Amino acid sequence: MAKIKELDSLISDRVEFNIIIDKIKELLRSGTQKEAILIKGNKVIKNQEIYWALKYLGTKYAAVSENEENVNVSLDFLALYDEISDPGIRVYNNAIELIEKDKPTPLVKLNGIINDEKIKIWGKLEWYNPFSLSIKDRTAWYIIFNNLDKINNKEKIIEATSANTGISLSAISSILGKKTKILMPNSSPEYADKMLKIYGSEVVREGNSTNDLIEKVKKIAQEENAFVPDQFSNIFNVLVHLRYTAKELDYQAIYGKLRLKGIFASMGTGGHIAGILLYFHNKYNGIKVFGVQPMENGSIPGIKKQDFNKWWSISELPDKVFSVSFDEAVEMIVKTARNNGIIPGISGGAVLAGFKKAYEQGILEEGDYSCIIPDNGIKYLDDIYEELS
Ligand code: PLP
């Protein structure tokens with residue numbers, strides 16, 4: 001007879017990530033666990049991939065059995081949303097719990113962006129994350145905490161970053177008592193050096209883009225016995241957004257009774273859009289995911305023009321990609337500020353500009369759309385202000 005058990009009470013051998021991702025897709029598409037996880041005591045002895053897929057989806061429970069058995073248990077019943085549905089009274093024992101437990105980030109209806117009552121825009125405000133005040137806290141936290149065994153015997157953590165990931169890594173490393181070395185391109189915003197130095201991180205400025213620094217980071221890591229989180233190809237940079245950013249948005253849309261038709265997201269490493277694609281394209285038929293990138297030769301902090309040859313083999317491609325200019329991003333920041341009283345960061349403005357383009361092209365059906373706003377405009381005030389005057 002199958003039983004429902006807490007996933008955390010089970011132990012399992014590791015399984016390759018491509019097998020886990022396939023199982024995640026299958027679970028999301030059917031919405032149900034169809035085979036019991038075979039256990040002996042609390043050890044998983046078969047269907048390890050189901051165990052890991054449920055673990056990375058973040059269900060609280062799993063259906064288990066001591067014999068091979070078909071089951072039919074919905075993800076809802078396995079408490080898919082439990083971990084993100086109630087931050088409670090928000091008293092925490094340490095700052096790490098702010099990222100672990102203080103979820104979801106808010107979803108707020110943004111008014112005055114377009115003039116059409118049949119289409120609503122909901123900003124997911126990622127500056128509510130605690131360290132870098134950006135979406136990248138999620139990436140840094142999940143990579144670090146899923147690699148503690150590799151980090152323990154390393155001298156330091158080293159990463160190439162446009163700013164936010166470096167700040168998150170420095171904050172989390174300081175909690176763990178580890179040093180950090182951060183390589184940033186010359187185009188990264190100035191405030192980043194100050195924050196990094198407050199955390200005691202070593203900062204190196206070099207090159208025009210993070211792409212120029214990735215190989216150098218790997219070389220230094222060998223020389224200096226450092227751990228490289230490698231947000232550019234670490235699968236946990238996708239899994240964190242599957243399990244949290246996307247699932248939060250799903251739950252918020254259900255709870256808020258939204259008719260969610262599409263999600264707009266900017267792309268740097270491509271991590272958050274890949275997690276969102278993996279989740280929404282498999283769980284729902286017809287919720288579109290749109291990518292936003294800078295125009296050819298344009299520069300928008302945190303995001304870059306994509307070559308679509310990395311995560312895209314595990315998630316699907318965005319339904320459409322919009323290229324926007326810095327000026328278009330700033331125009332939307334100002335519009336958002338003057339109609340809603342909040343100031344998105346420049347990549348957030350770019351996402352809203354991508355939304356506006358899609359609207360003007362007439363490709364959006366009636367309903368609700370979410371724009372992922374990665375950080376806040378206060379970090380870029382000089383750049384935004386310069387564009388105004
Ligand atoms: N916006 C900002 C401000 C960022 O710092 C980043 C990434 O560093 C992004 C957007 C892009 O996020 P992702 O790396 O998940 O594509």
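A charge is taken to sit over a ring if NZ of Lys or CZ of Arg is within 6 Å of the ring centre and within 35 degrees of the ring normal. In this predicted model, the charged end of arginine 14 is placed in that way over the ring of tryptophan 52, at 4.2 Å from its centre. A second arrangement of this kind involves lysine 103, whose charged end sits over the ring of tyrosine 244, 4.4 Å from the centre of that ring.

**Aromatic rings**

Both of these rings, tryptophan 52 and tyrosine 244, belong to a cluster built from ring pairs, in which Phe17, Tyr51, Trp52, Tyr56, Trp141, Tyr142, Phe236 and Tyr244 are linked. Over the whole structure, the search finds 21 aromatic pairs. One of them joins tryptophan 52 to tyrosine 56 in a stacked arrangement, with 5.9 Å from centre to centre and 25° between the planes. The two residues are four positions apart within helix α2 (residues 48-57), which is about one turn of the helix, and both tryptophan 52 and tyrosine 56 are buried.

The pair of tyrosine 191 and tyrosine 380 has its ring centres 6.3 Å apart and its planes at 90°, and is therefore edge-to-face. Because tyrosine 191 lies in helix α7 (residues 191-198) and tyrosine 380 in the loop between β16 (367-373) and α13 (381-388), this pair ties together parts that are 189 residues apart in sequence. Tyrosine 191 has a relative accessibility of 16%, and since buried means under 20%, tyrosine 191 counts as buried. Tyrosine 380 is buried as well, with a relative accessible area of 4%.

Two members of the ring cluster, Trp141 and Tyr142, are also among the buried residues of α4, a list that includes Lys136, Asp137 and Arg138. Helix α4 (residues 136-145) is mostly covered, with nine of its 10 residues buried.

**Salt bridges**

The structure holds 24 salt bridges, and three of the pairs are set out below with their N to O distances.

| Acidic residue | Basic residue | N to O distance |
|---|---|---|
| Glutamate 68 | Lysine 46 | 3.1 Å |
| Glutamate 83 | Arginine 243 | 2.7 Å |
| Glutamate 328 | Lysine 357 | 3.2 Å |

How far apart along the chain are glutamate 68 and lysine 46? They are 22 residues apart, with glutamate 68 in the loop between β5 (61-65) and β6 (70-74) and lysine 46 in strand β4 (residues 43-46), and the pair thus links distant parts of the chain. Glutamate 68 is exposed, with a relative accessible area of 60%, whereas lysine 46, at 35% relative accessibility, counts as partly exposed.

The salt bridge between the side chains of glutamate 83 and arginine 243 ties together parts that are 160 residues apart in sequence, because glutamate 83 lies in the loop between β6 and α3 (96-101) while arginine 243 lies in helix α9. Glutamate 83 is partly exposed, with a relative accessible area of 27%, and arginine 243 is buried, with a relative accessible area of 15%.

Glutamate 328 and lysine 357 form a salt bridge that ties together parts 29 residues apart in sequence, since glutamate 328 lies in helix α11 and lysine 357 in helix α12. At 25% relative accessibility, glutamate 328 counts as partly exposed. Apart from these tabulated pairs, Lys124, Glu126, Arg138 and Glu248 are linked in a network of salt bridges, and Arg138 in this network is one of the buried residues of α4.

**Domains and a nonpolar patch**

According to the domain assignment, the protein comprises domain 1 (3-74), domain 2 (96-132 + 235-388) and domain 3 (148-227). The centres of domain 1 and domain 3, taken over C-alpha atoms, are separated by 36 Å.

The second segment of domain 2 begins at residue 235, and isoleucine 235 lies in the loop between β12 (226-227) and α9 (236-255). Isoleucine 235 is buried, with a relative accessible area of 15%, and its C-alpha atom is separated by 8.5 Å from that of glycine 271, a residue 36 positions away along the chain.

On the surface, Ile343, Ile378 and Leu381 make a nonpolar patch of about 270 Å². Isoleucine 343 lies in the loop between α11 (326-340) and α12 (346-360) and, at 33% relative accessibility, counts as partly exposed.

Notes:
Residues are numbered from 1 along each chain as its sequence is written. This is a predicted model: local features need pLDDT of at least 70, side-chain atom pairs count only at pLDDT 80 or more; totals for chains, interfaces and linings use all residues. Side-chain values use heavy atoms; hydrogens and water are left out. Rings of Phe, Tyr and Trp (its six-membered ring) pair if their centres lie within 6.5 Å; planes under 30 degrees apart count as stacked, over 60 as edge-to-face and the rest as tilted. Buried means under 20% relative accessible area, exposed over 50%, partly exposed in between (1.4 Å probe, protein chains only). Domain bounds come from an automatic or database domain assignment. Patches are made of residues with over 30% relative accessible area and no salt bridge: like charges are joined within 9 Å, nonpolar side chains (Val, Leu, Ile, Met, Phe, Trp, Tyr) within 5 Å. Accessible areas come from the Shrake-Rupley method with a 1.4 Å probe; for residues, only the protein chains shown count as cover. A salt bridge is a side-chain nitrogen of Lys or Arg within 4 Å of a carboxyl oxygen of Asp or Glu.
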